[in-house]
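Subject: Structure handover

Hello,

I am passing on the structure we talked about, with notes on what turned up in it. Please have it open while you read.

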Amino acid sequence: MAVMTSLITQNPIKITQITDTHLYGEPSGTLLKMNTNETLGHVLELVKANEDGIDLVLATGDITQDASEQSYVNFLKIVASLNSPFRWIPGNHDNAAVMQRIAEGTEANEKTAQLNNWLIILLDSSVLGQVHGKLTKTEIKFLTSVLRAAEKDDSIEHCLITMHHNPVPGNSAWMKDIGLENGEEFFEAIKISKKVRSLLYGHIHQELDFEHEGIRCMCTPSTCIQFKPNVTSFSLDRVNPGYRSLQLYSDGSIESVVRRVSGETFEADYNSPGY
Ligand SMILES: [Fe+2]
């Protein structure tokens, strides 16, 4: 089993999720005309204004847009300003091997974290060079072995699983082929555990909070461009970038809120037919 960080901390446990930062090696880089370095800066200011005593920061993929070493170095430097324990997982725009190398020897690459009676499990759903996601046989095996061990471990009562891709189909026709290819296999695999409470992801750049097969599923807005929900073809939404704050209680309940930057207008190519 992978190295596990175990921590006794406050109740509730405080988690901050930032996702789909899409940074570039050059801080002037833009995604559909939006400067992703600048919008991340605004989101982090919002985090600092609203969160204190963060137990864990989760960066759930599409850390960068160009997968350059420099973009990851930039990201790590920015996120370090939160002074909080931190984990990251790759998305479709990332290079998982580069992320592993850059954060080698740090906790950022660890795939589990136990906080009080909660176990956070981080999965790599990225397929290099592809937009869609898939959990490899190795990753499914890792997941089932961790869940099996957690079932027998009385110190763990609840699990939260996070990955980049949406394992539940997206709500727009154009998203049909970009989610987790083996979502059904994933939901089948987690049935071995009675402790899985929630699933957290990004990828489709919008706020969602719903239940699927008894699991609370939450999708979190990007720190840059936003995708309009419930549309046929790709469309940018004019809502501002944001992040998700989660409070995990010892009884298994979760309080969560998405906070978006306010009082700012960000330039973007709102008529773009794709990204
Ligand atoms: Fe993304």
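The model is a predicted one. A search of the whole structure gives 11 salt bridges, and some of them are described here.

Salt bridges

Asp-52 pairs with Lys-14, with 3.6 Å between the closest N and O atoms. Asp-52 sits in the loop between helix 1 and strand 5 while Lys-14 belongs to strand 2, so this salt bridge ties together parts that are 38 residues apart in sequence. Asp-52 is exposed, at 53% relative accessible area, whereas Lys-14 is partly exposed at 22%.

Lys-48 forms a salt bridge with Glu-45, and here the closest N and O atoms are 3.9 Å apart. Both residues lie in helix 1, 3 residues apart, which is about one turn of the helix. Lys-48 is partly exposed, with a relative accessible area of 39%. Leaving aside neighbours within four places in sequence, Lys-48 is in contact with Ser-81 and Leu-82. The C-alpha atoms of Lys-48 and Leu-82 are separated by 7.2 Å, although the two residues are 34 residues apart along the chain.

Asp-209 and Arg-216 form another salt bridge, with 2.7 Å between the closest N and O atoms. Asp-209 counts as partly exposed at 40% relative accessibility, and Arg-216 counts as partly exposed at 24%. There is also a network of salt bridges that links Arg-87, Glu-107 and Glu-110.

Helix 2

Helix 2 covers residues 69-80, 12 residues in total, and spans 17 Å from its first C-alpha to its last, close to the 16 Å expected at 1.5 Å a residue. Which of its residues are buried? They are Ser-71, Tyr-72, Asn-74, Phe-75 and Val-79. These residues cover an arc of only 155° around the axis, so they fall on the same side of helix 2. The elements that cover them include strand 2 (13-18), helix 1 (36-50), strand 5 (56-60), strand 6 (86-89) and helix 3 (96-102).

Nonpolar cores

Phe-75 of helix 2 appears again in the largest nonpolar core, which has 65 residues. Phe-75, Trp-88, Ile-121 and Phe-186 touch the most other members of this core. Helix 4 (residues 137-152) provides the largest share of the core, 6 residues. Apart from this core lies another, of 16 residues, among them Ile-15, Leu-115, Trp-118 and Leu-160. As background, nonpolar side chains in soluble globular proteins tend to be buried together.

For Phe-75, the contacts beyond four places in sequence are Ile-18, Thr-21, Leu-23, Leu-40, Ala-59, Ile-63, Phe-86 and Trp-88.

Thr-60

Thr-60 lies in strand 5. Is Thr-60 buried or exposed? Its relative accessibility is 1%, so Thr-60 counts as buried, the cut-off being under 20%. The side chain of Thr-60 makes a polar contact with the side chain of Thr-19, at 2.7 Å. Thr-19 is also one of the residues in contact with Thr-60 once neighbours within four places in sequence are set aside. The others are Gln-17, Ile-18, Ile-89, Thr-162, Met-163, His-164, Tyr-201 and Gly-202.

Regards

Note on methods:
Residues are numbered from 1 along each chain as its sequence is written. This is a predicted model: local features need pLDDT of at least 70, side-chain atom pairs count only at pLDDT 80 or more; totals for chains, interfaces and linings use all residues. Side-chain values use heavy atoms; hydrogens and water are left out. Helices (H or I, at least four residues) and strands (E, at least two) are DSSP runs, numbered from the N terminus. The expected span of a helix is 1.5 Å times one less than its number of residues. Buried means under 20% relative accessible area, exposed over 50%, partly exposed in between (1.4 Å probe, protein chains only). The arc is that of the directions from the helix axis to the C-beta atoms. Contact means heavy atoms within 4.5 Å. A polar contact is a pair of N or O atoms within 3.5 Å; within protein, one must be able to donate a hydrogen and the other to accept it, and residues adjacent in sequence count only if both atoms are side-chain atoms. A nonpolar core is a set of buried Ala, Val, Leu, Ile, Met, Phe, Trp, Tyr and Cys residues joined through side-chain atoms within 4.5 Å. A salt bridge is a side-chain nitrogen of Lys or Arg within 4 Å of a carboxyl oxygen of Asp or Glu.
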